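Biologist: I have a new model open and would like to go through it with you. Can we start with one residue and work outwards?

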Amino acid sequence: MSRRERGPESGPGGAEVAAEDAEHAEAESPDQCLSLLPWDRFSAWLHCVCVVGFDLELGQAVEVIYPPHSKLTDKEKTNICYLSFPDSNSGCLGDTQFCFRFRRSPGSKVSFCCFLDQLDRDLPVYLKKDSAYYYGYVYFRQVRDKSLKRGYFQKSLVLISKLPYVHLFRTMLKQIAPEYFEKSEAFLEAVCSDIDRWPAPVPGKVLQLPLMGLIMKLRIPTYRDKPGTTPIVQNMHQADAQISMALPTVHEVDLFRCFCPVFFHIQMLWELVLLGEPLVVMAPSPAESSETVLALVSCISPLKYCSDFRPYFTIHDSEFKEYTTRTQAPPSVILGVTNPFFAKTLQHWPHIIRIGDIKLPGEVPKQVKVKKLKNLKTLDSKPGVYTSYKPYLNKDEEIVKQLQKERYVASLMPLQKCISPWKSPPQLRQFSQDDFMKTLEKAGPQLTSGLKGDWIGLYRHFLKSPNFDGWFRSRQREMTQKLEALHLEALCNENLVFWSQKHTEVETVDLVLKLKNKLLQADREHLPVNTDTLKKLQTHINDIILALPDDLQDILLKTGTT
């Protein structure tokens with residue numbers, strides 16, 4: 001096979017990209033460097049990027065497909081349209097992230113990179129791509145907008161890929177989607193050009209992926225990795241200070257958080273997934289349904305779940321009739337649904353999981369009983385597992401105890417999604433001695449220690465001591481600083497200049513003063529913020545000031561912080 005060369009003006013980046021390709025040639029094997037035509041690197045990671053909007057006459061519609069040459073059949077476009085928006089009953093105001101999976105149309109054209117099959121051989125079996133399916137990773141925004149007839153701005157940015165790298169693509173969307181909604185198509189083209197400069201997704205190597213001024217550092221697992229272990233990609237070191245973000249995983253979801261509503265039945269759910277039993281997850285939103293389905297599929301790792309699974313499934317899906325028919329037994333599939341219609345349509349399914357809102361990390365799961373299917377009448381039924389299944393194995397209480405050892409104090413930390421750049425950092429939840437003592441009853445040292453005695457009494461006394469007070473204040477300070485650091489990062493990721501153009505000079509000056517105080521606080525309190533973030537915030541401040549009239553510029557440039 002002859003080497004194909006990229007022309008100096010072809011594709012995004014032209015000669016600059018060709019030069020960068022040469023730099024990567026040493027890092028990749030010769031076979032992997034063949035076929036470096038425009039968009040080959042992009043195609044190794046994504047099939048395409050879609051923008052789905054709402055049209056008053058047409059309903060959901062694909063507004064943009066990028067790169068423009070990407071091929072999708074009409075059936076695939078229809079599936080993407082309906083799967084990219086939450087059901088109307090979900091009431092998802094603001095920003096929502098979720099994922100879906102859909103069947104490729106027979107004969108549809110696939111983006112191809114010649115070395116992908118070779119890379120696939122080095123992956124663990126559960127991460128190998130399934131050429132019959134695409135994943136859709138969604139960032140959906142719904143906000144009030146009186147200028148629109150419908151009264152709401154509704155749009156989704158969707159990454160279509162054959163790769164099951166949930167955490168990677170979720171992180172990407174979190175970085176690019178908010179800015180895209182403000183800057184539109186030119187920004188999207190720049191994002192895709194960055195992706196077309198990425199190295200191939202080689203398992204086992206630490207990869208550096210540039211994305212709109214950031215560099216993501218990650219490692220894709222290999223089949224040689226020991227099960228249950230993930231080599232950690234270290235965060236910033238002095239030697240590679242250009243690294244902006246290190247991803248601890250490309251594909252994993254937080255099993256404990258996803259299973260919290262049905263935590264005490266985790267062993268039975270493992271059996272149901274292992275045996276390929278038909279399962280439906282009924283959840284209040286696509287975010288909860290998709291996370292729970294992905295958690296179910298991954299709970300039998302390192303085995304691969306070989307049946308079909310749909311993290312988010314709607315009544316408009318092209319397989320709706322196939323999967324909901326009553327003329328035959330339910331197929332071996334896991335479906336995540338949010339539409340109340342499914343409570344009736346799938347009532348004949350043997351195993352139904354009803355999920356409420358997913359809890360905060362570390363929150364103590366409540367015991368819920370296994371319930372009979374006849375008790376499930378609507379989607380508003382209480383969370384629980386509705387099944388007549390009798391597990392083959394006795395319940396292992398040690399598994400539950402080990403999982404419950406996630407520290408209670410960590411649950412006081414608000415979720416990162418609760419942090420808004422336009423509001424003060426959220427407060428830590430109050431420490432509750434009663435709640436903490438409940439965690440000890442089920443996972444305390446009295447259950448595992450060879451030293452017997454009144455452990456509960458000792459803890460009650462310790463909670464009133466100065467030693468506990470000192471330890472707790474220290475942890476509280478660490479978490480408060482982390483919240484301040486996350487708030488700083490959220491501010492840095494906003495287009496503050498754009499914001500200032502939409503607000504009065506008084507509001508803009510107030511913002512500048514607050515940002516200056518933030519920088520001083522970060523230095524004074526040694527907040528856990530990397531240097532790049534602080535530099536980026538200083539750049540934001542300078543840009544805002546330079547957009548103001550000269551007299552205000554002089555005042556603000558001389559004004560310090562307090």
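Modeller: Take Asp551, which lies in helix α20. Helices here are DSSP runs of H or I with at least four residues, strands are runs of E with at least two, and both are numbered from the N terminus. The model is predicted, so local features need pLDDT of at least 70 and side-chain atom pairs count only at pLDDT 80 or more, while totals for chains, interfaces and linings use all residues. Residues are numbered from 1 along each chain as its sequence is written, and side-chain values use heavy atoms, with hydrogens and water left out.

Biologist: Which residues gather with Asp551 in the patch of negative charge?

Modeller: Glu505, Asp550 and Asp554 join Asp551 in that surface patch. A patch takes residues with over 30% relative accessible area and no salt bridge; like charges are joined within 9 Å, and nonpolar side chains (Val, Leu, Ile, Met, Phe, Trp, Tyr) within 5 Å. A salt bridge would be a side-chain nitrogen of Lys or Arg within 4 Å of a carboxyl oxygen of Asp or Glu. Accessible areas come from the Shrake-Rupley method with a 1.4 Å probe.

Biologist: Which helix gives the most to the negative patch?

Modeller: Helix α20, residues 550–558, with three residues.

Biologist: Now the inside. How many residues are in the largest nonpolar core?

Modeller: The largest core has 70 residues, and Trp45, Leu157, Tyr165 and Leu168 have the most contacts inside it. Helix α6 (residues 166–183) gives the most to this core, nine residues. Apart from it lies another core of 22 residues, including Leu488 and Ile545. A nonpolar core is a set of buried Ala, Val, Leu, Ile, Met, Phe, Trp, Tyr and Cys residues joined through side-chain atoms within 4.5 Å. Buried means under 20% relative accessible area, exposed over 50%, and partly exposed in between.

Biologist: Changing topic: what about odd backbone angles?

Modeller: Most residues other than glycine have a negative phi, and most peptide bonds are trans. Trp39 is not a glycine, yet its phi is positive, about 75 degrees. Met212 also has a positive phi, near 50 degrees.

Biologist: Is Trp39 buried or exposed?

Modeller: Trp39 counts as buried because its relative accessibility is 12%. Met212 has 32%, so Met212 counts as partly exposed.

Biologist: And where is Met212 found?

Modeller: In the loop between β6 (206–211) and β7 (214–219).

Biologist: Which residues does a cis peptide bond join?

Modeller: Tyr66 and Pro67, with omega about -5 degrees. Ser301 and Pro302 are joined by a cis bond too, with omega about 15 degrees.

Methods:
Buried means under 20% relative accessible area, exposed over 50%, partly exposed in between (1.4 Å probe, protein chains only). Lys and Arg count as positive and Asp and Glu as negative; His and the chain ends are not counted. The place of a charge is taken as NZ of Lys, CZ of Arg, CG of Asp or CD of Glu.
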